[in-house]
Amino acid sequence: MASRPPDTIAAIATAPGRGGIGVVRVSGAGLAPFAQALTGKAPKPRLATLADFRDADGRTLDSGLLLYFPAPHSFTGDDVIELQGHGGPVVMQLLLARCVELGARLAEPGEFTRRAFDNDKLDLAQAEAVADLIDAATASAARSAVRSLQGEFSKEIHALVDELTELRALTEATLDFPDEEIDFLQSADAFGRLNRLAARLAAVFDRAQQGRLLQGGLHVVLVGQPNVGKSSLLNRLAGDELAIVTPVAGTTRDALKGSIQIEGIPLHVIDTAGLRETEDEVEKIGIERTWREIERADVVLLLTDAQHGVGDAERAILARLPAAIRRITVDNKIDLAGRAPERRETADGVSIALSAKTGEGIDVLQQELLAVAGWHQAEDVFIARERHLQALREAAAHLAAAEAQLPRLELFAEEMRLAQQALGRITGEFSADDLLGEIFGRFCIGK
């Protein structure tokens, strides 16, 4: 039975608001008559044509460029039309309404890219890289997203899957012919192959983990007693006066956020209300919000006054921090304490001595934050998401389990199958429809 032709979808592909150019994108089957009805001209494939975009009565809505990409040589794999007109919100809506009159329906978020995935123009990792490129907050993140979009991440995953497939085939052949005098472990070099595969998987995980940092960044929360310099540190890190700084304790009543970059890694730094006992109702609400921010943090910076160090109040804060959250103690105001900037190991972890006021020691803190994040400079990072890392971890666990099963080949083969299935989820071979819906539903409309 022949599959039904895709219905026609349309959306404004450019960002909301006024702009020099606006684009309406249409995807469907047999769109040449659609373009003829809209412009009065027969579209020529992959050639920009100057045209008037007309309403049902033949009146011109706008003038611009008509581009026609017949299937399968288009972004979605179906026929695609792009109407490039003037970027006013009203004229874009008029053009979109005209497309709907001609039989299109409004596209859902990510539906154009979903069609590209369904038509094998992109795999799932590449499709996600489209959104990551749009959302990239740093130049490093954008370059890494381009690598993933061009298929570098997918090539690594496919290479791992190919090696797994070959090893599985050898294993299955041995299982099919148990009476053959074949020493599988020796002739197939099972241990050697498995070790090389695990090493390659670990290298891919490392590159993906760096890409995850570029994509999501690090959430850093500043905590401590009132008036220890949290707001000053936020301002110093951000290079701007984001927070009000006064000698009055309790000035910060709510969380303040600033985003910075360190070696291309986005750091989302959150200044919070000082943690202390108080009867002030507004300050109490700020303190409650502080603890909520701490629950979501990747790293907590506990600020102390370098003139006094860690006291009972600071130890109480450290004791209450969730165990899984990394923490760094920051001894601030070394300019008043007469101390030099330094990094040292303490019973509570790492301590950094600095001055938020003068900037001394800020570079030491920045490098420590990168170290805590696990960042190391690399040129071949590709963008990745948490689901990719989870799939790679799962595959690595199955490879480790496979090694433990040798020479029980049936169990060895099953662990390798599960490892291959985990890797297949990254590129979409084994992805459930509900996962696909969740992924593409987060895209912007028109993409």
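What share of the 447 residues in the protein chain is buried? In this predicted model, buried residues account for 48% of the chain. The exposed surface of the protein chain comes to about 21600 Å². Carbon and sulfur atoms contribute 52% of that area. The secondary structure consists of 16 helices and 13 strands. Contacts were also examined by sequence separation. Of those between residues at least 6 apart in sequence, 66% link residues at least 24 apart.

Strand S2 spans residues 19-28. It is mostly covered, with 7 of its 10 residues buried. S2 pairs with strand S1 and with strand S5. Strand S1, residues 9-12, runs antiparallel to S2 and is joined to it by 4 bridges. One pairing can be given by residue: Ala 11 has Arg 25 of S2 as its bridge partner. S1 and S2 form a hairpin with 6 residues between the strands. Within this hairpin, Gly 17 adopts a positive phi near 105°.

The pairing of S2 with S5, residues 79-87, is likewise described by its bridges. These two strands are antiparallel and share 8 bridges. Arg 25 reappears here, with Glu 82 as its bridge partner in S5. Arg 25 is thus a bridge partner of Ala 11 and of Glu 82. As a general point, side chains in a regular strand alternate between the two faces of the sheet.

Attention then turns to the annotated positions. An unreviewed UniProt entry lists Ser 231 and Thr 252 under "binding site". Ser 231 is part of helix H9, which covers residues 230-238. Is Ser 231 buried or exposed? Its relative accessible area is 9%. Ser 231 is therefore buried, because this value falls under the 20% cut-off.

Helix H9 also packs against another helix. In general, a packed pair of helices is described by the angle and the distance between their axes. For H9 and helix H13, residues 362-373, the axes come within 11 Å. They cross at roughly 80°. H9 is therefore roughly perpendicular to H13, because the crossing angle lies in the range of 65 to 115 degrees. On the H9 side, the contact is made by Leu 233, Arg 236 and Leu 237. On the H13 side, Ile 362, Leu 365 and Gln 366 take part. H9 thus carries both the listed position Ser 231 and the residues that touch H13.

Key. Residues are numbered from 1 along each chain as its sequence is written. This is a predicted model: local features need pLDDT of at least 70, side-chain atom pairs count only at pLDDT 80 or more; totals for chains, interfaces and linings use all residues. Side-chain values use heavy atoms; hydrogens and water are left out. Buried means under 20% relative accessible area, exposed over 50%, partly exposed in between (1.4 Å probe, protein chains only). Contact means heavy atoms within 4.5 Å. Accessible areas come from the Shrake-Rupley method with a 1.4 Å probe; for residues, only the protein chains shown count as cover. Two strands pair if DSSP finds at least two bridges between them. UniProt positions are given in the numbering used here, feature names are shortened, and annotations may be inferred rather than shown by experiment. Axes are lines fitted to C-alpha atoms, for helices over the stretch in contact, and angles run from 0 to 180 degrees between N-to-C directions. Angles under 35 degrees count as roughly parallel, over 145 as roughly antiparallel, 65 to 115 as roughly perpendicular and the rest as oblique.
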